[in-house]
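Hi,

Here is the structure I promised to send over. Have a look at it first, and my notes follow below.

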Amino acid sequence: MISDPLLLAVVLVAVMMLLLLSSKWIGFSLMASGVAGMLLYKVNLPPTISIWDKIGDLMANSVWNTLNSWALTALPLFILMGEILYRTAISTRLLNGLVPWLANVPGRLYHINVVACSLFAAVSGSSAATTATVGKITLDELTRRGYHKSLAIGSLAGAGTLGFLIPPSLIMIIYGVLADASIGQLFIAGIAPGIMLACMYSLYIALRARLEPGCVPDRREEYTWADRIAALRDLGPVFLLILLVLGGIYAGLTTPTEAAAIGVVGALGLALYFRNLTLRNLRAALLSAVKTSAMICFIIAGAAFLSQVVGFVGIARALSSFIASLDLSPYTLIFVLGLMYLFLGMILDGISIVVMTLPIVLPIVQSAGFETLWFGIFVVFMVELSQITPPVGFSIFVIQHIAREDVQTILKATFPFFCIMVFMVVLVTAFPDIVFFLPERMM
């Protein structure tokens with residue numbers, strides 16, 4: 001039996017990694033690690049209560065209290081909205097509508113990846129769905145028109161991660177539920193950093209196009225203002241859907257869950273308007289949404305149980321005391337946590353990173369004086385970085401499947417955008433008002 005909580009924490013991490021490396025489900029690995037923690041720790045219980053009774057009580061309470069959440073209802077609704085948009089031709093119309101507006105900007109159609117990902121992120125909430133949907137349309141089209149594939153891949157990888165930062169965001173919903181933070185404020189807090197990051201990507205593309213003229217084809221496509229106005233017929237409905245979803249939250253008229261329901265109805269309305277909604281597409285969207293939602297909820301349930309165990313055996317308290325004894329400055333602490341998240345991003349997916357680390361990390365960050373809202377945006381940035389770090393960067397796998405290139409080529413193309421994202425993290429850490437600007441006005 002183990003009586004030292006810190007030693008138990010090391011053992012639990014080893015057990016968890018062993019289970020994950022053996023290809024067990026993430027939710028199962030989290031729950032099994034929690035059970036192992038209870039069995040290995042020297043727990044003092046009354047003679048009438050067995051350890052298995054206590055495990056059952058903790059598991060039942062944690063799973064019920066976490067999943068019995070009205071805020072969590074937004075999760076499957078936003079997933080369904082993204083699936084409907086993904087499985088209809090709305091995304092194709094979005095791309096066609098952007099071409100006339102971007103044809104004369106420095107870097108020209110490379111910006112399509114950034115703008116399209118930003119817009120699709122604002123109605124899907126999923127980084128994977130954003131990357132896959134936009135990439136399937138843009139990569140082959142840009143290559144066919146003479147654009148360098150490397151810069152096209154890099155811009156897609158960087159901009160595809162905006163699905164987690166620009167609301168609605170699945171990661172923000174999960175963070176809000178686990179951290180007991182306002183999901184509406186998290187959504188609004190992500191807007192300014194998300195727009196700034198997208199602008200940085202576009203600025204880099206424009207500078208790269210100026211410095212390397214050969215990466216942009218010589219043949220220039222000319223569009224008149226009449227063409228641009230006509231393209232608004234494809235862009236207008238998408239902008240309207242974004243306004244419906246985010247406008248109600250910002251104005252305080254709807255909760256995130258109500259906005260998600262409006263978003264589903266709006267996505268169905270757009271699919272009907274564009275005559276893309278078939279019974280086959282709807283069935284595929286519903287099935288995929290159910291599978292994804294069930295998977296995420298199982299992970300959340302496992303994380304909630306592990307969190308209860310971590311608190312029950314005193315790991316969080318012991319770890320907080322240990323880090324406090326190191327007398328780290330707040331920014332040194334954030335730097336250390338950033339390195340930890342980068343390392344975890346190499347071996348785990350983003351949702352797992354959040355649910356596995358938050359029970360331990362959040363109390364430490366709060367005791368160091370950081371706001372829960374700000375740390376939520378910081379974690380989202382770290383999850384974004386994990387999407388494009390080897391060997392388990394999920395966006396890299398998505399792009400590899402679409403682009404049919406090896407991982408080394410994709411990583412090389414992605415590296416400049418990775419550096420831009422790191423710079424944005426530093427900027428948000430040094431100037432936290434970037435995060436608080438919109439939420440303070442919302443309140």
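In helix 20, the buried residues (under 20% relative accessible area with a 1.4 Å probe, protein chains only; exposed is over 50%, partly exposed in between) are Ile410, Ala413, Thr414, Phe417, Phe418, Ile420, Met421, Met424, Val425, Leu427, Val428 and Thr429. Helices here are DSSP runs of H or I with at least four residues, and strands are runs of E with at least two, numbered from the N terminus. An α-helix has 3.6 residues a turn, so residues three or four places apart point the same way.

Before going on, a word on the source: this is a predicted model, so local features need pLDDT of at least 70 and side-chain atom pairs count only at pLDDT 80 or more, while totals for chains, interfaces and linings use all residues. Residues are numbered from 1 along each chain as its sequence is written, and side-chain values use heavy atoms, with hydrogens and water left out.

Back to helix 20: it covers residues 407–430, 24 in number, and reaches 33 Å from its first C-alpha to its last. That is close to the expected 34 Å, where the expected span is 1.5 Å times one less than the number of residues. The helix has a kink of about 40° at Phe415, shortly before the proline Pro416; the bend at a residue is the angle between axes fitted to the seven residues ending there and the seven starting there.

Just ahead of this helix, Arg404 sits in the loop between helix 19 (394–403) and helix 20. Arg404 counts as exposed because its relative accessibility is 60%. Leaving aside neighbours within four places in sequence, Arg404 is in contact (heavy atoms within 4.5 Å) with Asp140 and Ile399.

Helix 11 (residues 183–211) might interest you too. Its 29 residues reach 42 Å from the first C-alpha to the last, close to the 42 Å expected. A bend of about 30° lies at Ile191, and the proline Pro193 follows within four residues. The largest nonpolar core (buried Ala, Val, Leu, Ile, Met, Phe, Trp, Tyr and Cys residues joined through side-chain atoms within 4.5 Å) has 153 residues, and those with the most contacts inside it are Phe78, Leu197, Trp374, Phe375 and Phe381. Helix 11 gives the most to this core, with 12 residues.

Next door in sequence, Gly176 lies in helix 10 (residues 170–179). Gly176 counts as buried because its relative accessibility is 4%. Apart from neighbours within four places in sequence, Gly176 is in contact with Ala181, Ile183 and Leu186. Gly176 and Val355 are 179 residues apart in sequence, yet their C-alpha atoms are 11 Å apart in space.

Then there is the stretch around helix 13. Thr254 lies in the loop between helix 12 (225–250) and helix 13 (256–273), and at 19% relative accessibility it counts as buried. Not counting residues up to four places away in sequence, Thr254 touches Gly248, Ile249, Ala259 and Ile262. Helix 13 has 18 residues that should span 26 Å at 1.5 Å a residue, and its end C-alpha atoms are 25 Å apart, which agrees. Among its buried residues are Pro256, Ala260, Gly263 and Leu270. After helix 13 comes Arg275, whose phi is positive, near 60°.

Happy to talk any of this through.

Best wishes
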